[in-house]
Amino acid sequence: MVDFKSKSFNRELIEFEEDTLIDFQFAVMDALNQADMSQKDLSDLLGVSKARVSQILSSTANPSIKLVARICGLLNIKPEFVECDLLEVENRNNFEDAFDGFEAGWSIAAKRMDTCQSVWGINDNYAEPYEERQKVSA
Amino acid sequence: MSGAFGDVICIGEALSELDKLREKAERNEDTTSIRHERTITRYLGRYAEVGPTGLGTSMYKPQTRISVGHNDTVFIYEFKSYQFRLYGAETSIGGRRTFLATACNPSKKKDKADPAILQKAAKVFQEYLNG
């Protein structure tokens, strides 16, 4: 478990924030692509403007947890909180190694409710089948 | 960086600015550079793995077609991580689909891309491909 108390300003936690947002956004993009839907279609479903959906999918987004849940519900994505192993930090900031798997503290994961095929969270094993990830966790 | 979809290669200003950002993020001096670096790294990795369809238009945005002379044009795209922007174009290198990042605006202030940077991105791209 990450020692949160001793790390009020901490790169791991800042990256954790970014990863959580980005993983959610990538899950949304995957769901849209799978359903052959556009961002405009999502805005219609949500009852918001296309610009608002674009903002939600941008780096500056900070959607409320309830809005995230609403989008996930509409796109058949189930968010889950999953315990992870302690972060291995040695090489994770290396640009070439930035996509090697790493984990930190608690992460949020989501799976497609119908297929259970994808997971999103702090991990880069985003495309790993959910069942495979559960085996690793066990 | 390589992935299932293709490669992302950074050269020139794009590479030097990305290196600067990484160094700044590693110094842990401010949250902004850490956020910018993490986000752009994830976007580039996503492009390499999934391709442009895996990114929203607020992450990876088509900009404009730039003439580079002799009937040649280059279509410039922009990766958008907060105010840090990378510019380049799609091509094929060694039989692999490739995004070649050639220019950068590390602290973009206006929403509209600077035409001079787009022009530079296209010029460097063309020069690189022509050897």
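This is a short selection-by-selection tour of a predicted model with chains A and B.

**Stop 1: chain A, whole chain**

Select chain A and color by secondary structure. You should find five helices and two strands. Along the sequence their pattern reads α-α-α-α-β-β-α. Now color by burial. Of the 138 residues in chain A, 30% are buried. Turn to contacts within the chain, taking residues at least 6 apart in sequence. Of these contacts, 47% join residues at least 24 apart.

**Stop 2: the sheet of chain B**

Hide chain A and select the strands of chain B. They include an open sheet of five strands, with mixed pairing, in the order β1-β5-β4-β3-β2. Go to the edges. β1 (7-10) and β2 of chain B are the edge strands, and each pairs on one side only. Look along the sheet to see its twist, which averages 35° from one strand to the next.

**Stop 3: β2 and β3 of chain B**

Select residues 60-67 and 73-81 of chain B. These are β2(B) and β3(B), antiparallel and joined by seven bridges. Three cross-strand pairs are worth labeling. B:Lys61 faces B:Glu78 in β3(B). B:Thr64 stands opposite B:Ile76. B:Ser67 stands opposite B:Thr73.

Follow the chain from β2(B) to β3(B). The two strands form a hairpin with five residues between them. Pick B:Gly69 in that turn: its phi is positive, about 90°.

Is β3(B) enclosed or open? Seven of its nine residues are buried, so β3(B) is largely enclosed by the rest of the structure.

**Stop 4: β3 and β4 of chain B**

Add residues 84-93 of chain B, which form β4(B). β3(B) and β4(B) pair in the antiparallel sense, over five bridges. Label B:Tyr77 and, opposite it in β4(B), B:Gly88. This pair of strands is also a hairpin, with two residues between the strands. Select B:Tyr82 in this hairpin to find a positive phi near 50°.

**Stop 5: helices on the sheet**

Keep the sheet and select residues 12-26 of chain B. This is α1(B), which packs on the sheet and touches β1, β4 and β5 (96-105) of chain B. The direction of α1(B) makes about 70° with that of β5(B).

Next, select residues 31-50 of chain B, helix α2(B). Which strands does α2(B) touch? It packs on the sheet against β1, β2, β3, β4 and β5 of chain B. The direction of α2(B) makes about 130° with that of β3(B).

Stay with α2(B) and check its length. Its 20 residues, at 1.5 Å a residue, should span 28 Å. The end C-alpha atoms are 28 Å apart, which agrees. Now check its surroundings. Because 16 of its 20 residues are buried, α2(B) is largely enclosed by the rest of the structure. Step just past the helix to B:Gly51, where phi is positive, about 95°.

**Stop 6: the contact between the chains**

Bring chain A back. The contact takes 21 residues from chain A and 23 residues from chain B. On the chain A side, the elements giving two or more residues are α1 and α3 (50-56). The largest share, nine residues, comes from α1(A). By class, this side of chain A has eight nonpolar, nine polar and four charged residues.

**Stop 7: α1(A) against α2(B)**

Select residues 11-34 of chain A and keep α2(B) in view. Two packed helices are described by the angle between their axes and the distance between the axes. Here the angle is about 40° and the axes are 9 Å apart. The crossing of α1(A) and α2(B) is right-handed.

Show side chains at the contact. From α1(A), display A:Arg11, A:Ile14, A:Glu15, A:Glu18, A:Ile22 and A:Phe26. They meet B:Thr31, B:Ile34, B:Arg35, B:Arg38, B:Thr39, B:Arg42 and B:Arg46 in α2(B). These contact residues divide into four nonpolar, two polar and seven charged.

**Stop 8: A:Ile14**

Finish by centering on A:Ile14, in helix α1 of chain A. Is A:Ile14 buried or exposed? With 20 other C-beta atoms within 10 Å, A:Ile14 is buried. Leave aside neighbours within four places in sequence, and A:Ile14 is in contact with B:Thr31, B:Ile34 and B:Arg35. For a last distance, pick the C-alpha atoms of A:Ile14 and A:Asn76: they are 28 Å apart in space, and the residues are 62 apart in sequence.

Notes:
Residues are numbered from 1 along each chain as its sequence is written. Chains are lettered from A and ligands numbered from 1 in the order in which they are written. This is a predicted model: local features need pLDDT of at least 70, side-chain atom pairs count only at pLDDT 80 or more; totals for chains, interfaces and linings use all residues. Helices (H or I, at least four residues) and strands (E, at least two) are DSSP runs, numbered from the N terminus. The expected span of a helix is 1.5 Å times one less than its number of residues. A residue is buried if 20 or more other C-beta atoms lie within 10 Å of its own, exposed if 12 or fewer, and partly exposed in between; C-beta atoms are placed from the backbone. Axes are lines fitted to C-alpha atoms, for helices over the stretch in contact, and angles run from 0 to 180 degrees between N-to-C directions. A crossing is left-handed if the near helix is turned anticlockwise from the far one by less than a right angle, and right-handed if clockwise. Two residues are in contact if their C-beta atoms, placed from the backbone, lie within 7 Å. Ala, Val, Leu, Ile, Met, Phe, Trp, Tyr, Cys and Pro count as nonpolar, Asp, Glu, Lys and Arg as charged, and the others, Gly among them, as polar. Two strands pair if DSSP finds at least two bridges between them.
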